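Thanks for coming, everyone. I've got one structure for you today, so let me put it up on the screen.

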Amino acid sequence: MSNSNKDANLKEKLKQALNSTFKVISDDLNLTSKKDQESKKYDLLDLENLNTKNDFIKARADTDSLALKKKFSNELIYRKNQPKNSSSKSLYAIAEKIRYEALGTSMLKGIEKNLKENYNQIIASKRKDHLKTKDDVPINEAFEYYMLKKFHNIELNSLTKKMLSYWENEFDKSINKH
């Protein structure tokens, strides 16, 4: 068997494994043709670009996150409570993602491991050389680090700690009100 055939076979097996994982986590074991339309929203990642261990970690975490979204997030409730202004919408989306991921990690340690590995990989890859003021740090990026620290107990590196430091007091004040 040639290398390209082996790669294609391996990617097909991986896709099947990720699809099976998705179905089990999301409690959607029998995808009927009617439900297939709905599940297209959760169609799994493009595995053609899966070349490194980091790509594999990301694929597992993304699959778990999508399955948890399907299991724990209600689109109608989400839209009903969605803020009107665009910057608030992005913070709302981050909070919702962390919420359904936190529910999943409390149920299954494998999901927790996959998500933590992926978030640690993302944090380790951050490079920003000129962080001098709060204006240098987008609020949605700082908020995601805040939520990861608070709800997933992700250890931030020195750069992401610095990025969060510009916003953390404001987040604490706002969240502690509620």
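I'll start with the whole chain, then go to one helix pair, and finish with a few loop residues.

One thing up front: what you're looking at is a predicted model. Okay, the overall picture. What do we have in the way of helices and strands? The protein chain has nine helices and zero strands. Read along the sequence, then, the pattern is α-α-α-α-α-α-α-α-α.

There are 178 residues in the chain, and 32% of them are buried. As for the surface, the accessible area comes to about 11500 Å², with 50% of that belonging to carbon and sulfur atoms. And if you take the contacts between residues at least 6 apart in sequence, 70% of them join residues at least 24 apart.

Now, the helix pair. Have a look at α3, which is residues 53-72, and α5, residues 86-107. How do these two pack against each other? The angle is about 100°, and the axes sit 9 Å apart. Anything from 65 to 115 degrees counts as roughly perpendicular, so that's the label for α3 against α5.

Who's actually in the contact? On the α3 side you've got S65, L68, K69, K71 and F72. On the α5 side the residues are K97, R99, Y100, E101, L103, G104 and M107. Sorted by class, the α3 contact with α5 has five nonpolar, two polar and five charged residues.

Let me pick out G104, which is in α5. Buried or exposed? G104 comes out at 0% relative accessibility, so it counts as buried. Leaving out residues up to four places away in sequence, G104 touches L68, F72 and I111. L68 and F72 are two names you just heard on the α3 side. There's also S65 to think about: G104 and S65 are 39 residues apart in sequence, but C-alpha to C-alpha they're 8.5 Å apart in space.

While we're on α3, have a look at T63, which lies in that helix. T63 is at 0% relative accessibility too, so that one counts as buried. And where does its side chain point a polar atom? A polar atom of the T63 side chain lies 2.8 Å from the backbone oxygen of A59.

Right, on to the loops. In general, most residues other than glycine have a negative phi. Which makes the next two worth a look.

First up is D27, in the loop between α1 (3-26) and α2 (33-39). D27 isn't a glycine, yet it has a positive phi of about 60°. Its relative accessible area is 53%, and the cut-off for exposed is over 50%, so D27 counts as exposed.

The other one is N153, over in the loop between α7 (139-151) and α8 (158-165). Again, not a glycine, and again a positive phi, this time about 50°. N153 has a relative accessible area of 58%, so it's exposed as well.

What I'd like you to look at here is what sits on either side of N153. H152 is in that loop between α7 and α8, and so is I154. H152 is buried, with a relative accessible area of 6%. I154 is buried as well, at 4%. So along the loop you go from buried H152 to exposed N153 and back to buried I154.

What does H152 touch? Setting aside neighbours within four places in sequence, H152 is in contact with I98, E101, A102, T105, L115, K116, Y119 and M147. E101 there is one we met earlier, on the α5 side of the helix pair.

And I154? With the neighbours within four places left out again, I154 is in contact with K116, Y119, N120, I123, L148 and K149. K116 and Y119 turn up for H152 and for I154. Last number for I154: its C-alpha is 9.8 Å from that of L115, with the two positions 39 residues apart along the chain.

That's my tour; happy to turn the model around if anyone wants another view.

Terms used: Residues are numbered from 1 along each chain as its sequence is written. This is a predicted model: local features need pLDDT of at least 70, side-chain atom pairs count only at pLDDT 80 or more; totals for chains, interfaces and linings use all residues. Side-chain values use heavy atoms; hydrogens and water are left out. Axes are lines fitted to C-alpha atoms, for helices over the stretch in contact, and angles run from 0 to 180 degrees between N-to-C directions. Helices (H or I, at least four residues) and strands (E, at least two) are DSSP runs, numbered from the N terminus. Angles under 35 degrees count as roughly parallel, over 145 as roughly antiparallel, 65 to 115 as roughly perpendicular and the rest as oblique. Contact means heavy atoms within 4.5 Å. Ala, Val, Leu, Ile, Met, Phe, Trp, Tyr, Cys and Pro count as nonpolar, Asp, Glu, Lys and Arg as charged, and the others, Gly among them, as polar. Buried means under 20% relative accessible area, exposed over 50%, partly exposed in between (1.4 Å probe, protein chains only). Accessible areas come from the Shrake-Rupley method with a 1.4 Å probe; for residues, only the protein chains shown count as cover. A polar contact is a pair of N or O atoms within 3.5 Å; within protein, one must be able to donate a hydrogen and the other to accept it, and residues adjacent in sequence count only if both atoms are side-chain atoms.
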